[in-house]
Amino acid sequence: MKQGSSSRRVNEQARQVIAEILMFEVADPRLALVTITDCEVSFDRSVCNVYYSADKGRYDEVARALKAASGRIRTQMGRKLTWRVAPELRFFVDKSVDQAERIAIALKNERDRRASDARED
């Protein structure tokens with residue numbers, strides 16, 4: 001979907017506000033070390049898809065914690081933003097960090113293998 005500067009600004013504003021709320025206003029320890037990687041706010045600002053990253057083994061735990069805290073996050077978001085409505089929040093795991101880590105490990109293994117082969121020659 002093509003984004004104009006206005007929608008990019010709205011998405012970034014939502015991301016920053018949600019990250020601040022998680023960091024300073026939600027006291028759930030299950031949400032420690034959760035990173036909000038992106039937000040996509042609908043054109044009418046009624047829905048906000050929130051993408052987050054966490055440790056691999058904690059995806060289910062973090063999803064439950066975000067679902068439990070979504071009402072509080074939405075309320076705080078409504079207070080901090082000057083939008084007509086506080087958007088419905090939908091949370092999605094962003095596994096791109098895991099994929100990048102897997103690729104980095106594969107590249108390192110290949111580099112090590114090539115170095116090992118070069119030493120044997």
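R45 comes out as partly exposed in this predicted model, because its relative accessibility is 28%, and that falls between the 20% limit for buried and the 50% limit for exposed. To find R45, look at the loop between β1 and β2. Its backbone is worth a glance too: phi of R45 is near 65 degrees, a positive value in a residue other than glycine.

L33 gives you another such backbone, with phi near 60 degrees, again positive and again in a residue other than glycine. This one sits in the loop between α1 and β1. Its relative accessible area is 69%, so L33 counts as exposed.

Now step along to V34, which is found in the loop between α1 and β1. Is V34 buried or exposed? With a relative accessibility of 15%, V34 is under the 20% cut-off and therefore counts as buried. What does V34 touch, once its neighbours within four places in sequence are left aside? The contacts are Y52, S53, A54 and V62. Take Y52 from that list: it is 18 residues away from V34 along the chain, yet the two C-alpha atoms are separated by 6.7 Å.

Next, move over to A65, in helix α2. Its relative accessible area is 0%, so A65 is buried. Not counting residues up to four places away in sequence, A65 touches D28, R30 and L31. For R30, the C-alpha to C-alpha distance from A65 is 6.3 Å, with the two positions 35 residues apart in sequence.

L31 turns up again in the largest nonpolar core, which has 26 residues. Which of them touch the most other members? Those are I18, L31, I73 and M77. As for where the core comes from, at least two residues are supplied by each of α1 (5–24), β1 (35–41), β2 (47–53), α2 (59–80) and β3 (88–93). I18 is a good place to stand and look around. Setting aside neighbours within four places in sequence, I18 is in contact with I36, C39, C48, V50, I73, M77 and L89.

I73 and M77 also lead us to the packing of the helices. The axes of α1 and α2 come within 10 Å and cross at roughly 120 degrees. Why is α1 called oblique to α2? An angle of roughly 120 degrees lies outside the 65 to 115 range for roughly perpendicular and is not over 145, where roughly antiparallel begins, so the pair is oblique. As for handedness, the crossing of α1 and α2 is right-handed. On the α1 side, the contact is made by A14, V17, I18, I21 and L22, and on the α2 side by L66, I73, Q76, M77 and K80. Sorted by type, the residues of this contact divide into 8 nonpolar, 1 polar and 1 charged. I18, I73 and M77, named earlier among the core residues that touch the most other members, are all part of this helix contact.

Let's finish with F24, which is found in helix α1. Its relative accessible area is 63%, and that is over the 50% cut-off, so F24 is exposed. For a long view across the model, pair F24 with D98: the two are 74 residues apart along the chain, and their C-alpha atoms are separated by 26 Å.

Conventions. Residues are numbered from 1 along each chain as its sequence is written. This is a predicted model: local features need pLDDT of at least 70, side-chain atom pairs count only at pLDDT 80 or more; totals for chains, interfaces and linings use all residues. Side-chain values use heavy atoms; hydrogens and water are left out. A nonpolar core is a set of buried Ala, Val, Leu, Ile, Met, Phe, Trp, Tyr and Cys residues joined through side-chain atoms within 4.5 Å. Buried means under 20% relative accessible area, exposed over 50%, partly exposed in between (1.4 Å probe, protein chains only). Helices (H or I, at least four residues) and strands (E, at least two) are DSSP runs, numbered from the N terminus. Contact means heavy atoms within 4.5 Å. Axes are lines fitted to C-alpha atoms, for helices over the stretch in contact, and angles run from 0 to 180 degrees between N-to-C directions. Angles under 35 degrees count as roughly parallel, over 145 as roughly antiparallel, 65 to 115 as roughly perpendicular and the rest as oblique. A crossing is left-handed if the near helix is turned anticlockwise from the far one by less than a right angle, and right-handed if clockwise. Ala, Val, Leu, Ile, Met, Phe, Trp, Tyr, Cys and Pro count as nonpolar, Asp, Glu, Lys and Arg as charged, and the others, Gly among them, as polar.
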